[in-house]
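Biologist: I would like a close look at a single part, the packing of the helices, described carefully and then set in its surroundings. Please explain each term as you come to it.

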Number of protein chains: 2
Amino acid sequence: MSPTIKDVAKKASVSLSTVSLVINGKSNVRDETRKKVEAAISDLGFHPRRAARGLASNKTNNIGFILTEDHFSRAEPFYTKIFLGTEFEARKYNYYILLTTVPKKFNENLHLPRFLLERNVDGVILAGKVPTKLIDIIQKANLPLILIDYSTPTHKTSKVLIDNHQGTSLAVEHLIQNGHSKIAFIGGEISHPSICERLRGYEETMHKSNLSTSNLIFCNEPNTDVNNGYEATCSLFKKGSPFTAIVASNDTVATGAMRCLREKNINIPQDVSIIGFDDIEVCLQVEPRLSTIKVFKEELGAIAVRRAIDGIESKTLLLEKTIIPAELVIRESTGRAPNS
Amino acid sequence: MSPTIKDVAKKASVSLSTVSLVINGKSNVRDETRKKVEAAISDLGFHPRRAARGLASNKTNNIGFILTEDHFSRAEPFYTKIFLGTEFEARKYNYYILLTTVPKKFNENLHLPRFLLERNVDGVILAGKVPTKLIDIIQKANLPLILIDYSTPTHKTSKVLIDNHQGTSLAVEHLIQNGHSKIAFIGGEISHPSICERLRGYEETMHKSNLSTSNLIFCNEPNTDVNNGYEATCSLFKKGSPFTAIVASNDTVATGAMRCLREKNINIPQDVSIIGFDDIEVCLQVEPRLSTIKVFKEELGAIAVRRAIDGIESKTLLLEKTIIPAELVIRESTGRAPNS
DNA sequence: CTATATTGTCGAAACGTTTCGATGAATCGC
DNA sequence: GCGATTCATCGAAACGTTTCGACAATATAG
């Protein structure tokens, strides 16, 4: 068996408690004693056992990360990146992330994440739209809770948000500067607060410049994916006003739109400019490369982890709202409006 | 505080041990007693604490998942999918996956995953090319170990592999059936066993059909990504033989190749057919949609988890080698050879 | 030079389970 | 109907830490 704190104590001729004090960097240990203990620890190659620590200190050093199944199971690179951000940040602080998903139609008796039941996390991060019932339960359990890219009017929680509104503003302004005035907005489920804000950012910026949006918005789609982008663009052609540019509710939607444009032999960006949102890998892989609004996905995750750890270690649940600005990335899919 | 096993015992008027026996579904509990205990458990909403269980039973119900930083940090959708596969499968069996990465240049004193030091996993899964020193250490710790998409001649371990050889065979045969005979292979670092096998599958199938591969192989790239695909294809044009089809070492490489072809105004698939490997999302997002060899990524992860759990629960380390066949997926990027 | 505060160390209890060996009750074979 | 098995339950020890209160030794104040 691997050495225990007892072996260390014996080897350093001190008591168990003293070894524990050294391990945990507590004060009130004479320098000489500390050195002696540290020597014994490294001699024996001792590492405290997580399970034992957990039991004694009532701390797991795990953070739970929950999203809904549909956000993760079809490998949305968006949430995957956020998860990676949490993973890397957590490691710096000696935490692990326990990932799990819950169904959209959440039943608290069937679907409660096991790590909550087993008290196997010190705090929880929720990403994307998530059942409100779940939020209630976590708050009732008195666990520090951070929301990423979601917020509800009825719950007081810390949250880390994308500046969606500013994001589509940037997109629209970029297009206006390039001489566009007939700019459409497509794709996405409006019930997701983020998509909704993206639409609002588009609308407000258009109106601020006295541009009409009528028959240029096609977005109440069931999802926010490549097919919805394709369909919404088809509708735009069938039922919409003429346009020279498209703001897509995210990058995947934008690739769907590009497919539709290509089928109609419309050149990007000569005939129609298109801009996405999120900045996932695919932007670089399509032709032409997609201009977009960059979301700092790993950052979102990393900040959420830091907030969670703050909450865990301070024991006072402070409510912070962090808004991460988005950034315009100009590539090849946006250009001057035709005849301008 | 939440109820403990003690509260349950009191409520059901039995001893602690009996409750434990019921929880763990051990035999030798009278049906009547079992019912009584179960009632008490659900009345109180009792759930055993992971940390306490872990300490007493020396079992964590965690499985460690390790890959090298470069495989994960630039969010390769390939490994992400494998990870997801492990995640979902693990959940079915009441395990969690603890994910971590190690640098390519691995130093056992600096980079040893924390979950190994803290004995916080019952088994380990390694994915992709991984430092052999790490394999040694895990085996010495006597932990069940499963390799995914990697194997070394010097280590005896269980592994779950892709049939890379058969994969590129399928690709080449598909092209030959379409009248191609000048078929190139591009991109990828040969030092990765999987890439190497893909090359070998290509070569053997070409030779079996008496087709030459000379000046048609451009693949000793430093990495296996979009730029390497671009560069390799440029080289193919500059220094290679004429060709009408390309087998890329993976999908990302294929998108790089497509970019190069497009720059030269070469039509896909009319002038040149191209086929990738892996079947990641991007295949559906590029234009034309990419034909590829599909790898069952989630399956790889899921099988590795089952193997790991087998190893954990049987305590006898059986060595199994599972090879998952790949599958041809024909989309729009491959077609008849010109003038055939 | 006391009385008091501070510092460094320690022993023991606690955390919430599992598991082993013991025990008494019920069943079996003959 | 009696010893030998098997069954159901239990008490107690064990897992490896943290933490609390006690205590002696030392520093500080008056």
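Modeller: Before the first pair, one convention is needed: a crossing counts as left-handed if the near helix is turned anticlockwise from the far one by less than a right angle, and as right-handed if it is turned clockwise. This is a predicted model, in which local features need pLDDT of at least 70 and side-chain atom pairs count only at pLDDT 80 or more, while totals for chains, interfaces and linings use all residues. Residues are numbered from 1 along each chain as its sequence is written, and chains are lettered from A and ligands numbered from 1 in the order in which they are written. The helices (H or I, at least four residues) and strands (E, at least two) named below are DSSP runs, numbered from the N terminus.

In chain A, helix H1 and helix H3 (residues 31–44) have axes that come within 9 Å of each other and cross at roughly 125°, where axes are lines fitted to C-alpha atoms, for helices over the stretch in contact, and angles run from 0 to 180 degrees between N-to-C directions. That angle makes H1(A) oblique to H3(A), since angles under 35 degrees count as roughly parallel, over 145 as roughly antiparallel, 65 to 115 as roughly perpendicular and the rest as oblique. The crossing of H1(A) and H3(A) is right-handed. From H1(A), Asp7(A), Val8(A), Lys11(A) and Ala12(A) meet Lys36(A), Val37(A), Ala40(A), Ile41(A), Asp43(A) and Leu44(A) of H3(A), two residues being in contact if their C-beta atoms, placed from the backbone, lie within 7 Å. This contact of H1(A) with H3(A) comprises six nonpolar and four charged residues, with no polar ones, where Ala, Val, Leu, Ile, Met, Phe, Trp, Tyr, Cys and Pro count as nonpolar, Asp, Glu, Lys and Arg as charged, and the others, Gly among them, as polar.

In chain B, the axes of H1(B) and H2(B) lie 8 Å apart, at an angle of about 105°, which makes H1(B) roughly perpendicular to H2(B). Ile5(B), Lys6(B), Val8(B), Ala9(B) and Ala12(B) of H1(B) form the contact with Leu16(B), Val19(B) and Ser20(B) of H2(B). The contact of H1(B) with H2(B) holds six nonpolar residues, one polar and one charged.

Some of these residues also appear beside the DNA. Among the 28 residues around DNA strand C, Ser17(A), Ile5(B), Ser20(B), Ala52(B) and Ala56(B) come nearest, a residue being near a molecule or strand if its C-beta atom, placed from the backbone, lies within 6 Å of it. Two or more residues of the surface near strand C come from each of H2 and H4 of chain A and H1 (5–12), H2 and H4 of chain B. For DNA strand D, the nearest of the 28 surrounding residues are Ile5(A), Ser20(A), Ala56(A), Ser17(B) and Thr33(B). Here H1 (5–12), H2 (16–23) and H4 (50–57) of chain A, with H2 (16–23) and H4 (50–57) of chain B, each supply at least two residues. The surface near strand D has 14 nonpolar, ten polar and four charged residues, and the surface near strand C likewise divides into 14 nonpolar, ten polar and four charged.

By an automatic or database domain assignment, chain A is divided into domain 1 (5–48), domain 2 (62–162 + 298–325) and domain 3 (164–295). The centres of domain 1 and domain 2 of chain A, taken over C-alpha atoms, are 36 Å apart.

Further along chain A, helix H6 (residues 77–92) packs with helix H14 (residues 297–314) at about 45°, the axes being 7 Å apart. H6(A) and H14(A) are therefore oblique to each other, and their crossing is right-handed. Their contact has ten nonpolar, three polar and six charged residues.

Between the chains, 36 residues of chain B are in contact with 37 residues of chain A. On the chain B side, H6(B) gives the most, with six residues, and the classes there are 15 nonpolar, nine polar and twelve charged.

Finally, the backbone deserves a remark. Most residues other than glycine have a negative phi, and most peptide bonds are trans. Ile268(A) and Pro269(A) are nevertheless joined by a cis peptide bond, with omega about 0°, and Pro269(A) sits in the loop between helix H12 (251–263) and strand E9 (273–275) of chain A. A cis peptide bond also joins Ile268(B) and Pro269(B), again with omega about 0°.
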